[in-house]
Amino acid sequence: MKINFNQLETESLIDSLIKELAEKYGKRPEQLESAKLALKHAIKAYITEDKNQVAQKFYANIDYLIQAEKNNDKDNYNKIQCKKKCSHCCSIEVSITDEEADLLLKVAKDKNIKINTKRLKRQASHFSENWHKLGPKDMKCVFLKEKECSIYDYRPSVCRTYFVTNEQMLCDTFKANHKIKTWMPISVAILEIAIMLCGNGGSMAKKLLERIKRDK
Ligand code: SF4
């Protein structure tokens, strides 16, 4: 669902999102307040920014919020195990917004990064439920090169907010379906939901493929 901001009652959207997340994550007033602020900034960015700037504006909001929450919750933040070149989570299905899809394709073009469209097609015909049936090679994100994200500075919001606190080996998507523990403050979760809701969030493979076909 793409939100039409001309008709949107922003305050009521914020309130319903906050309520939903508060019920899910428990009521922590300071976190809810910072979530509310983050949401307002994000939605305002959506209304006022040039469409080409929206994704990067959201990234700045997310990075700022993560930094703030890191300082509020140092003990749990310090349990994060994610390390450069780990890349286990880059084989999970990724969701992005329309604006992120446009940005990623632009960055790939500017940086001359070749996108494996055959793999994208195979990914686009799978969903989270049967994603693992793609097999180890095809499950890999098309931006993952030599175990590193080739578009790291522009990586999608879901990649920016995924912090694992269990041992790295448990994240190995090819070996087993372990229950992964993550660090996700409520404010970041709310912002993430708002971004997906505002930007018509959906399968990265499908969104990239649609645009590649359209621009041929
Ligand atoms: S965009 Fe980058 S960080 Fe995100 S899944 Fe792909 S390679 Fe990994």
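Helix α9 covers residues 186-198, and its 13 residues reach 18 Å from the first C-alpha to the last, close to the 18 Å expected at 1.5 Å a residue. Bear in mind that this is a predicted model. The chain around α9 comes to ten helices and four strands in its secondary structure, and buried residues make up 28% of its 216 residues. Here is a short tour, starting with that helix.

**Helix α9 and what follows**

- The buried residues of α9 are Ile186, Ser187, Val188, Ile190, Leu191, Glu192, Ala194, Ile195 and Cys198.
- An α-helix has 3.6 residues a turn, so residues three or four places apart point the same way.
- Ile193 also lies in helix α9, but Ile193 is partly exposed because 16 other C-beta atoms lie within 10 Å, where 20 or more would make it buried.
- Ile193 and Leu39 are 154 residues apart along the chain, yet their C-alpha atoms are separated by 9.4 Å.
- Just after α9 comes Asn200, with a positive phi of about 60°.

**Two loop residues with positive phi**

- Most residues other than glycine have a negative phi, and most peptide bonds are trans.
- Asn200 has a positive phi near 60° although it is a residue other than glycine; Asn200 sits in the loop between α9 and β4 (202-203).
- With 15 C-beta neighbours inside 10 Å, Asn200 counts as partly exposed.
- Lys147, which is not a glycine, has a positive phi of about 65°, and Lys147 is found in the loop between β2 (144-145) and β3 (148-149).
- Is Lys147 buried or exposed? Lys147 is exposed, because 12 other C-beta atoms lie within 10 Å and 12 or fewer is the cut-off for that label.

**The ligand shell**

- Which residues are around the ligand? They are Cys90, Val94, Cys141, Phe143, Leu144, Cys149, Ile151, Arg155, Pro156 and Cys159.
- By character, the shell around the ligand divides into nine nonpolar residues, no polar ones and one charged.

**Helix packing and chain order**

- Two packed helices are described by the angle between their axes and the distance between the axes.
- For helix α6 (residues 117-124) and helix α10 (residues 204-214), the axes come within 8 Å and cross at roughly 130°.
- That angle makes α6 oblique to α10.
- The crossing of α6 and α10 is left-handed.
- Along the sequence, the chain follows the pattern α-α-α-α-β-α-α-α-β-β-α-α-β-α.

Note on methods: Residues numbered from 1 in each chain as written. Predicted model: local features only at pLDDT ≥ 70, side-chain atom pairs only at ≥ 80, totals over all residues. Expected span 1.5 Å × (residues − 1). Near = placed C-beta within 6 Å. Nonpolar A, V, L, I, M, F, W, Y, C, P; charged D, E, K, R; others polar. Axes fitted to C-alpha atoms, helices over the stretch in contact; angles between N-to-C directions. Parallel < 35°, antiparallel > 145°, perpendicular 65-115°, else oblique. Left-handed = near helix turned anticlockwise from the far one by under 90°.
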